[in-house]
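Here are a few exercises to try with the model open beside you. Have a go at each one before reading its solution.

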Amino acid sequence: MRVIVEFFGVPRRLTGVAEKAMEMTETSDLRDLLDSVKAEFSALCPSVISPDTAEVVSPYMLSIDGRIVPNDLGYRLRDGDRILILSSIVGG
């Protein structure tokens, strides 16, 4: 299955890309995805993704399709999901 990861702000600057298509298995969850993301984009560790737990570090957060903020990393991914990694702090 294919999932798109979008990077905003500092995560985009650290990865050098706006988005990345990731191939995942049918049983993959958000934790599996973050493990894959940190393996491909080591620059995200430790400031955005914890190298030990594969959790997003505050003030960063995940959003699914720009509509859902998941409660836990056990969320089962679906083909075509767009996972946004962004800062929860917005400046003006």
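**Exercise 1.** This is a predicted model; find which residues Arg2 touches, not counting residues up to four places away in sequence, and decide whether Arg2 is buried, partly exposed or exposed.

*Solution.* Start with the location: Arg2 belongs to strand 1. Now pick up its contacts, skipping residues up to four places away in sequence: Ala21, Met22 and Glu23 turn up, and so do Arg78, Asp79, Gly80 and Asp81. Next comes the accessibility. Arg2 has a relative accessibility of 46%, so it goes down as partly exposed, because that class sits between the 20% cut-off for buried and the 50% cut-off for exposed. For a sense of distance, try Val57: it is 55 residues from Arg2 in sequence, and the C-alpha atoms are 25 Å apart.

**Exercise 2.** Work out the order in which the four strands form their sheet, and say which strands stand at the edges.

*Solution.* Trace the sheet across and you get the order 2-1-4-3, in an open sheet with mixed pairing. Strand 2 (19-23) and strand 3 have a single partner strand each, so they are the edges, and one side of each lacks a neighbour in the sheet. Going from one strand to the next, the twist averages 25 degrees.

Now check the pairings one by one. As a reminder, strands of a sheet pair through backbone hydrogen bonds, either parallel or antiparallel. Strands 1 and 4 are a parallel pair, with four bridges. Two places to look are Phe7, whose bridge partner in strand 4 is Ile85, and Val5, which stands opposite Ile83 of strand 4. Strands 3 and 4, on the other hand, run antiparallel and are joined by five bridges. Here Tyr60 has Ser87 of strand 4 as its bridge partner, while Ser63 stands opposite Leu84 of strand 4.

**Exercise 3.** Strand 3 is an edge strand; how many of its five residues are buried, and what is Ser63 in contact with?

*Solution.* Count along the strand: four of the five residues are buried, so strand 3 is largely enclosed by the rest of the structure. Then zoom in on Ser63, which is part of strand 3. Its relative accessible area is 8%, so Ser63 counts as buried. Leaving aside neighbours within four places in sequence, its contacts are Ile68, Pro70, Arg82, Ile83, Leu84 and Leu86. Ile68 deserves a second look: its backbone oxygen lies 3.4 Å from a polar atom of the Ser63 side chain.

**Exercise 4.** Say which residues of helix 2 are buried, and which strands cover them.

*Solution.* First list the buried residues of helix 2: Leu30, Leu33, Leu34, Val37 and Lys38. They span an arc of only 130 degrees around the axis, so they lie on the same side of the helix. The general rule helps here: an α-helix has 3.6 residues a turn, so residues three or four places apart point the same way.

Next, look at what lies over that side. The cover includes strands 1, 2, 3 and 4. Helix 2 packs on the sheet and touches those four strands, with its direction at about 120 degrees to that of strand 2. Finish at the N-terminal end of helix 2, where Asp29 forms a cap: one of its side-chain oxygens is 3.2 Å from the backbone nitrogen of Arg31.

**Exercise 5.** Name the residues that touch the most other members of the largest nonpolar core, then find which element supplies its largest share.

*Solution.* The core has 22 residues, and those touching the most other members are Leu30, Leu33, Val37, Leu77, Ile83 and Ile85. At least two residues come from each of strand 1 (2-7), helix 2 (30-40), strand 3 (60-64) and strand 4 (82-87). Helix 2 gives the largest share, four residues. Take Leu30 as a sample: beyond four places in sequence, its contacts include Leu62, Ile64, Leu73, Leu77 and Ile83.

**Exercise 6.** Is Pro11 buried or exposed, and what is it in contact with?

*Solution.* Pro11 sits in helix 1 (residues 10-15). Its relative accessible area is 0%, so Pro11 is buried. Setting aside neighbours within four places in sequence, Pro11 is in contact with Leu44, Val48, Tyr60 and Ile85. Leu86 is 75 residues away from Pro11 in sequence, yet their C-alpha atoms are 6.9 Å apart.

Key
Residues numbered from 1 in each chain as written. Predicted model: local features only at pLDDT ≥ 70, side-chain atom pairs only at ≥ 80, totals over all residues. Heavy atoms only, no water. Buried < 20%, exposed > 50% of the residue type's maximum accessible area, 1.4 Å probe, protein only. Contact = heavy atoms within 4.5 Å. Core = buried A, V, L, I, M, F, W, Y, C linked by side-chain atoms within 4.5 Å. Polar contact = N/O pair within 3.5 Å; in protein donor to acceptor, adjacent residues only side chain to side chain. Pairing = 2+ DSSP bridges. Axes fitted to C-alpha atoms, helices over the stretch in contact; angles between N-to-C directions. Arc of directions from axis to C-beta.
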